[in-house]
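Got your viewer open and a selection tool at hand? Let's walk through this one stop at a time.

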Amino acid sequence: MLAALSTVNDPELHRDLVSLGMIERAEVSGGVADIKVNLTTPACPLKATIQADVTRAALGVTGVESVQVEFGAQVRTQATPPLPGVKNIIVVGSGKGGVGKSSVASNLACALAGTGARVGLLDADVYGPSIAHMMGQGTARITANAEKKMQPIEAHGLRFLSMGNLMPAGQALVWRGPMLHSAIGQFLKDAAWGELDYLIVDLPPGTGDVQLSLTQSVQLTGAVIVTTPQDVALLDASRAIDMFRKASVPVLGIVENMSYFVAPDTGLTYDIFGRGGAQKLAQSFGGLPILGEIPLDTEVRQDADAGRPSVLAHPDSPASRALTQVALNLAGRVSVQTFTGSLEPLPMA
Ligand SMILES: Nc1ncnc2c1ncn2[C@@H]1O[C@H](COP(=O)(O)OP(=O)(O)OP(=O)(O)O)[C@@H](O)[C@H]1O
């Protein structure tokens with residue numbers, strides 16, 4: 001059976017499942033093949049392909065009449081985890097403000113947690129922390145545990161920390177670079193994150209002190225860039241990509257937010273900010289992947305304001321489906337990055 005399964009390649013890693021150590025069990029009894037595949041992420045975007053390929057290969061073995069495939073998952077980490085217990089740290093950045101970076105970060109985190117992954121969300125947008133509010137915990141306050149570590153707040157199946165839960169609502173943060181550097185360091189290292197598969201970090205817009213601090217504090221798995229399709233946003237997004245490249249942080253992909261609007265009354269599609277700009281941006285950087293295109297949707301804003309991200313509040317809306325697909329594509333990219341240390345082209349689902 002293992003010989004048959006060694007002909008099946010992981011579609012993202014382009015290596016066979018057996019040599020990747022992904023086959024946990026492969027037994028045949030009474031004509032039934034019982035196979036357990038350990039995926040590299042519970043959010044695997046190509047699970048159905050793997051299931052079909054494994055079934056086909058097993059049916060080719062003499063005596064096998066039917067196949068049962070069970071899936072487990074173990075998220076991998078780079079050679080040295082970025083923080084003890086934290087397997088991957090992914091920053092979500094944008095060049096321009098207001099493009100929906102925090103909305104994408106919170107929905108991504110919730111979608112990943114919904115697959116069973118252990119997820120943390122860090123609001124590093126210290127000048128405009130909105131994650132606390134988007135997670136429905138605007139009035140919660142961060143406490144310290146017995147070891148004097150900051151205790152992340154739990155909501156919607158994940159843990160998060162936001163400056164919004166340290167400062168009274170509506171107050172501005174007036175800090176200089178060194179203080180920001182130490183605040184970010186504390187959020188990362190003096191917090192009781194526990195065991196996490198993915199720590200998603202919502203950065204402030206632009207290419208300033210916080211972004212630099214983060215790239216210097218820990219070994220990031222990679223960055224996701226959120227942009228809207230118009231030229232001014234794309235120009236700023238290309239600066240952000242350039243900054244990550246200079247800091248040797250792999251860019252995992254681009255999310256085009258507010259890509260288009262489908263009028264609920266007529267069903268007509270409007271490209272309010274233009275469309276396809278992210279494609280051009282991706283090409284100008286040698287073919288970065290587009291992780292998804294998210295439509296403008298009133299519910300995305302309403303759900304954020306109500307403290308329940310859209311992927312949870314309205315999982316079947318087109319925007320939520322697009323956001324969930326972004327989460328799966330991202331998890332696939334992270335697997336490739338941690339396995340190979342470099343990003344190979346990935347067929348997008
Ligand atoms: N796809 C979308 N459809 C409708 N509204 C959206 C969408 N994405 C984001 N928004 C809304 O746009 C506003 C800005 O979004 P968000 O706060 O996520 O942006 P940001 O890039 O993180 O901003 P900042 O620069 O303040 O950090 C919010 O009111 C949010 O609810």
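**First stop: helix 8**

Select residues 277-284, which make up helix 8, and colour its buried residues: G277, A278, L281 and A282. Now look down the axis of helix 8: the buried residues fall within an arc of 135°, so they line one face of the helix. That fits a general pattern: an α-helix has 3.6 residues a turn, so residues three or four places apart point the same way. Bear in mind as you look around that this is a predicted model.

What do the buried residues of helix 8 pack against? Show strand 11 (222-227), helix 7 (231-246), strand 12 (251-256) and strand 15 (290-293), and you have the packing partners. Then swing round to the other side of helix 8, where K280, Q283 and S284 are exposed. Just past the end, click on G286, which follows helix 8 and has a positive phi, near 80°.

**Second stop: the ligand**

Next, pick the ligand and bring up its surroundings: 21 residues surround it, and the closest are G97, G100, S102, S103 and R301. Colour that shell by class and you get 8 nonpolar, 9 polar and 4 charged residues. Two helices to highlight here are helix 3 (101-114) and helix 9 (298-305), since each supplies at least two residues of the shell.

Now select G95 through S102, that is G95, K96, G97, G98, V99, G100, K101 and S102. An unreviewed UniProt entry annotates these residues as "binding site".

**Third stop: two loop residues**

Zoom in on K96, in the loop between strand 4 (89-93) and helix 3. Is K96 buried or exposed? K96 counts as buried, because it has 20 C-beta neighbours inside 10 Å. Setting aside neighbours within four places in sequence, show P205, V232, A233 and D236 to see what K96 is in contact with.

Then move to G100, found in the loop between strand 4 and helix 3. G100 counts as buried because it has 21 C-beta neighbours inside 10 Å. Leaving out neighbours within four places in sequence, the contacts of G100 are V226, N257 and M258.

**Last stop: the whole chain**

Zoom out and colour by the domain assignment: domain 1 is 2-73 and domain 2 is 89-340. The contact between the two takes 9 residues from domain 1 and 13 residues from domain 2. On the side of domain 1 that touches domain 2, look for 6 nonpolar, 2 polar and 1 charged residues. As for spacing, the C-alpha centres of domain 1 and domain 2 lie 34 Å apart.

Key:
Residues numbered from 1 in each chain as written. Predicted model: local features only at pLDDT ≥ 70, side-chain atom pairs only at ≥ 80, totals over all residues. Near = placed C-beta within 6 Å. Helix = DSSP H or I, 4+ residues; strand = E, 2+ residues; numbered from the N terminus. Nonpolar A, V, L, I, M, F, W, Y, C, P; charged D, E, K, R; others polar. UniProt positions renumbered as here; feature names shortened; annotations may be inferred. Buried ≥ 20, exposed ≤ 12 C-beta atoms within 10 Å, placed from the backbone. Contact = placed C-beta atoms within 7 Å. Arc of directions from axis to C-beta. Domains from an automatic or database assignment.
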